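The following exercises concern the architecture of one protein chain. Each task is followed by a solution in steps.

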Amino acid sequence: MNEENVILILDASAIINYLAKFGNIDKEAYITTSAINEIRSETSSLRIDQLVLTGKLHIAHPDEVYIKEVIRTARRIGNIHDLSNADIETLALALKFVKEGKKAILITDDYSMMNVAYALNIRFKSLLVKPIREYREYIYICQTCHFSTREPPSDLKCPHCGDMLVRRIRRRIRIKASQEGL
Ligand SMILES: [Zn+2]
(Lines give C-alpha, C1' and ligand atoms only; values in the text may rest on other atoms or scores of the structure.)
Protein backbone atom coordinates (compact mmCIF):
# COMPACT_ATOMS: atom_id res chain seq x y z
CA MET A 1 0.00 0.00 0.00
CA ASN A 2 1.54 3.26 -1.11
CA GLU A 3 -0.36 5.81 0.93
CA GLU A 4 1.53 7.66 3.64
CA ASN A 5 0.39 8.26 7.19
CA VAL A 6 -2.41 5.78 7.11
CA ILE A 7 -3.39 3.74 10.12
CA LEU A 8 -4.39 0.16 9.48
CA ILE A 9 -6.94 -1.56 11.69
CA LEU A 10 -6.91 -5.29 11.15
CA ASP A 11 -9.31 -7.97 12.24
CA ALA A 12 -8.03 -11.39 13.36
CA SER A 13 -7.96 -13.06 9.95
CA ALA A 14 -6.68 -9.90 8.26
CA ILE A 15 -3.49 -9.78 10.32
CA ILE A 16 -2.68 -13.38 9.41
CA ASN A 17 -3.53 -12.85 5.74
CA TYR A 18 -1.69 -9.52 5.65
CA LEU A 19 1.51 -11.13 6.90
CA ALA A 20 1.08 -14.03 4.45
CA LYS A 21 0.67 -11.57 1.59
CA PHE A 22 3.20 -8.83 2.45
CA GLY A 23 5.52 -10.57 4.92
CA ASN A 24 5.63 -7.59 7.23
CA ILE A 25 3.73 -4.53 8.43
CA ASP A 26 5.19 -1.23 7.26
CA LYS A 27 2.35 1.02 8.45
CA GLU A 28 1.07 2.02 11.84
CA ALA A 29 -1.18 -0.95 12.60
CA TYR A 30 -3.73 -1.70 15.30
CA ILE A 31 -5.62 -4.73 16.45
CA THR A 32 -8.15 -5.06 19.25
CA THR A 33 -7.66 -7.05 22.43
CA SER A 34 -10.42 -9.47 21.46
CA ALA A 35 -8.93 -10.02 18.00
CA ILE A 36 -5.51 -10.78 19.43
CA ASN A 37 -7.09 -13.19 21.94
CA GLU A 38 -8.90 -14.89 19.07
CA ILE A 39 -5.58 -15.36 17.24
CA ARG A 40 -3.77 -16.60 20.33
CA SER A 41 -6.44 -19.21 20.99
CA GLU A 42 -6.39 -20.54 17.43
CA THR A 43 -2.91 -20.38 15.99
CA SER A 44 0.71 -20.14 16.92
CA SER A 45 1.16 -16.40 17.12
CA LEU A 46 4.90 -16.01 17.62
CA ARG A 47 5.16 -13.75 14.58
CA ILE A 48 2.34 -11.55 15.83
CA ASP A 49 3.73 -11.45 19.37
CA GLN A 50 7.02 -10.32 17.87
CA LEU A 51 5.31 -7.51 15.97
CA VAL A 52 3.65 -6.36 19.18
CA LEU A 53 6.94 -6.51 21.10
CA THR A 54 8.76 -4.50 18.46
CA GLY A 55 6.02 -1.87 18.41
CA LYS A 56 4.87 -2.52 14.84
CA LEU A 57 1.48 -3.74 15.89
CA HIS A 58 -0.46 -1.99 18.63
CA ILE A 59 -3.15 -3.61 20.72
CA ALA A 60 -6.00 -1.27 21.67
CA HIS A 61 -9.48 -1.41 23.09
CA PRO A 62 -12.07 0.98 21.67
CA ASP A 63 -14.02 3.31 23.92
CA GLU A 64 -17.59 2.41 24.78
CA VAL A 65 -18.93 5.43 22.87
CA TYR A 66 -17.61 4.03 19.58
CA ILE A 67 -18.80 0.52 20.35
CA LYS A 68 -22.28 1.93 20.92
CA GLU A 69 -22.21 3.85 17.66
CA VAL A 70 -21.18 0.74 15.71
CA ILE A 71 -23.97 -1.29 17.35
CA ARG A 72 -26.52 1.46 16.66
CA THR A 73 -25.52 1.64 12.98
CA ALA A 74 -25.38 -2.14 12.53
CA ARG A 75 -28.89 -2.38 13.99
CA ARG A 76 -30.20 0.36 11.76
CA ILE A 77 -28.95 -1.28 8.56
CA GLY A 78 -29.87 -4.85 9.50
CA ASN A 79 -26.30 -6.14 9.98
CA ILE A 80 -26.17 -6.65 13.75
CA HIS A 81 -26.99 -10.35 13.37
CA ASP A 82 -23.81 -10.83 11.29
CA LEU A 83 -21.28 -9.26 13.65
CA SER A 84 -19.39 -10.89 16.52
CA ASN A 85 -18.26 -8.84 19.51
CA ALA A 86 -14.74 -8.91 18.08
CA ASP A 87 -16.07 -7.54 14.76
CA ILE A 88 -17.89 -4.73 16.57
CA GLU A 89 -14.78 -3.81 18.55
CA THR A 90 -12.62 -3.76 15.42
CA LEU A 91 -15.10 -1.47 13.67
CA ALA A 92 -15.28 0.71 16.80
CA LEU A 93 -11.50 1.09 16.88
CA ALA A 94 -11.47 2.09 13.21
CA LEU A 95 -14.31 4.54 13.88
CA LYS A 96 -12.32 6.14 16.71
CA PHE A 97 -9.43 6.94 14.37
CA VAL A 98 -11.78 8.27 11.68
CA LYS A 99 -13.47 10.54 14.25
CA GLU A 100 -10.05 11.77 15.32
CA GLY A 101 -9.40 12.84 11.74
CA LYS A 102 -6.84 10.14 11.03
CA LYS A 103 -6.55 8.33 7.72
CA ALA A 104 -7.64 4.98 9.03
CA ILE A 105 -8.31 1.96 6.86
CA LEU A 106 -10.04 -1.15 8.05
CA ILE A 107 -8.50 -4.32 6.64
CA THR A 108 -11.00 -7.15 6.53
CA ASP A 109 -12.28 -9.90 4.26
CA ASP A 110 -15.65 -9.96 6.02
CA TYR A 111 -18.46 -8.62 3.81
CA SER A 112 -20.68 -7.59 6.72
CA MET A 113 -17.86 -5.61 8.30
CA MET A 114 -17.23 -3.85 4.98
CA ASN A 115 -20.92 -3.02 4.75
CA VAL A 116 -21.07 -1.54 8.26
CA ALA A 117 -17.76 0.27 7.64
CA TYR A 118 -19.31 1.94 4.59
CA ALA A 119 -22.28 3.08 6.67
CA LEU A 120 -19.86 4.57 9.23
CA ASN A 121 -17.67 6.31 6.62
CA ILE A 122 -14.73 4.07 7.45
CA ARG A 123 -12.51 3.26 4.48
CA PHE A 124 -11.91 -0.43 4.02
CA LYS A 125 -9.74 -2.72 1.99
CA SER A 126 -9.73 -6.47 1.60
CA LEU A 127 -6.98 -9.02 1.10
CA LEU A 128 -8.24 -12.35 -0.23
CA VAL A 129 -11.69 -11.35 -1.49
CA LYS A 130 -12.91 -8.52 -3.67
CA PRO A 131 -14.29 -5.56 -1.72
CA ILE A 132 -18.06 -5.16 -1.78
CA ARG A 133 -19.37 -3.21 -4.76
CA GLU A 134 -22.73 -2.54 -3.27
CA TYR A 135 -23.74 -1.24 0.14
CA ARG A 136 -26.92 -2.87 1.42
CA GLU A 137 -29.44 -2.30 4.16
CA TYR A 138 -31.38 -5.35 5.22
CA ILE A 139 -34.67 -6.24 6.80
CA TYR A 140 -35.83 -9.62 8.07
CA ILE A 141 -39.38 -10.60 7.33
CA CYS A 142 -41.70 -13.42 8.28
CA GLN A 143 -43.49 -14.72 5.22
CA THR A 144 -46.20 -16.28 7.36
CA CYS A 145 -47.37 -13.41 9.58
CA HIS A 146 -45.52 -10.52 7.84
CA PHE A 147 -43.67 -9.46 11.00
CA SER A 148 -40.52 -7.52 10.05
CA THR A 149 -37.42 -6.42 11.95
CA ARG A 150 -33.86 -5.22 11.39
CA GLU A 151 -32.70 -6.97 14.57
CA PRO A 152 -33.69 -10.61 14.27
CA PRO A 153 -33.28 -13.03 17.20
CA SER A 154 -30.16 -15.19 16.94
CA ASP A 155 -32.14 -18.28 15.90
CA LEU A 156 -33.84 -16.24 13.14
CA LYS A 157 -37.27 -17.42 14.25
CA CYS A 158 -40.26 -15.10 14.08
CA PRO A 159 -41.09 -14.03 17.66
CA HIS A 160 -44.81 -14.06 16.81
CA CYS A 161 -45.42 -17.28 14.90
CA GLY A 162 -42.13 -19.18 15.12
CA ASP A 163 -41.60 -19.43 11.37
CA MET A 164 -38.16 -18.65 9.95
CA LEU A 165 -37.35 -15.02 9.15
CA VAL A 166 -36.01 -14.33 5.65
CA ARG A 167 -33.51 -11.60 4.89
CA ARG A 168 -34.37 -9.07 2.21
CA ILE A 169 -32.46 -6.09 0.84
CA ARG A 170 -34.27 -2.90 1.78
CA ARG A 171 -31.92 -0.42 0.16
CA ARG A 172 -28.75 -0.61 -1.94
CA ILE A 173 -26.08 1.88 -3.01
CA ARG A 174 -23.47 1.20 -5.65
CA ILE A 175 -19.96 1.73 -4.24
CA LYS A 176 -17.52 3.69 -6.38
CA ALA A 177 -14.47 1.86 -7.66
CA SER A 178 -12.16 3.99 -5.49
CA GLN A 179 -12.75 1.51 -2.67
CA GLU A 180 -10.28 -0.91 -4.19
CA GLY A 181 -8.55 -3.85 -2.59
CA LEU A 182 -4.92 -3.70 -1.54
ZN1 LIG B 1 -44.27 -14.75 11.87
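Two strands are taken to pair if DSSP finds at least two bridges between them. The model examined here is predicted.

**Exercise 1.** Determine how many bridges join strand β6 to β8, and describe the sheet to which these strands belong.

*Solution.*
Step 1. Strand β6 covers residues 134-142, and nine bridges join it to β8. The criterion for pairing is at least two bridges, and the two strands run antiparallel.
Step 2. Within this pairing, I141 stands opposite V166 in β8.
Step 3. The open sheet has three strands in the order β7-β6-β8, with antiparallel pairing.
Step 4. β7 (148-149) and β8 (165-174) are at the edges; each has a single partner strand, so one side of each is left without a neighbour in the sheet.

**Exercise 2.** Establish the strand order of the five-stranded open sheet and identify its edge strands.

*Solution.*
Step 1. The order is β3-β2-β1-β4-β5, and the pairing is parallel.
Step 2. The edge strands, β3 (57-60) and β5 (123-125), each pair on one side only.
Step 3. On average, neighbouring strands of this sheet are turned by 30° against each other, direction ignored.
Step 4. For the pairing of β2 (residues 28-32) with β3, four bridges are found, and the strands run parallel. The bridge partner of T32 in β3 is A60.
Step 5. Helix α1 (residues 12-22) lies across β1 (6-10), β2 and β4 (103-107), and runs at about 115° to β1.

**Exercise 3.** Characterise the packing of helix α5 against helix α6.

*Solution.*
Step 1. Helix α5 comprises residues 85-99 and helix α6 residues 111-119; they pack at an angle of about 35°, and their axes are 11 Å apart.
Step 2. The crossing of α5 past α6 is right-handed.
Step 3. At the contact, D87, L91 and A94 in α5 meet M113, V116 and A117 in α6.
Step 4. By class, the residues of this contact comprise five nonpolar, no polar and one charged.

**Exercise 4.** Assess the overall dimensions and composition of the protein chain.

*Solution.*
Step 1. The protein chain contains six helices and eight strands, which follow the pattern β-α-β-α-α-β-α-α-β-α-β-β-β-β along the sequence.
Step 2. For 182 residues, a compact globule would have a radius of gyration near 16 Å; the protein chain has 17 Å, which agrees.
Step 3. The C-alpha trace spans about 55 × 35 × 30 Å along its principal axes.
Step 4. Of the 182 residues, 35% count as buried.
Step 5. Among contacts between residues at least 6 apart in sequence, 62% join residues at least 24 apart.

Terms used:
Residues are numbered from 1 along each chain as its sequence is written. This is a predicted model: local features need pLDDT of at least 70, side-chain atom pairs count only at pLDDT 80 or more; totals for chains, interfaces and linings use all residues. Axes are lines fitted to C-alpha atoms, for helices over the stretch in contact, and angles run from 0 to 180 degrees between N-to-C directions. Two residues are in contact if their C-beta atoms, placed from the backbone, lie within 7 Å. A crossing is left-handed if the near helix is turned anticlockwise from the far one by less than a right angle, and right-handed if clockwise. Ala, Val, Leu, Ile, Met, Phe, Trp, Tyr, Cys and Pro count as nonpolar, Asp, Glu, Lys and Arg as charged, and the others, Gly among them, as polar. The radius of gyration is taken over C-alpha atoms; the globule rule is 2.2 Å times the number of residues to the power 0.38. A residue is buried if 20 or more other C-beta atoms lie within 10 Å of its own, exposed if 12 or fewer, and partly exposed in between; C-beta atoms are placed from the backbone.
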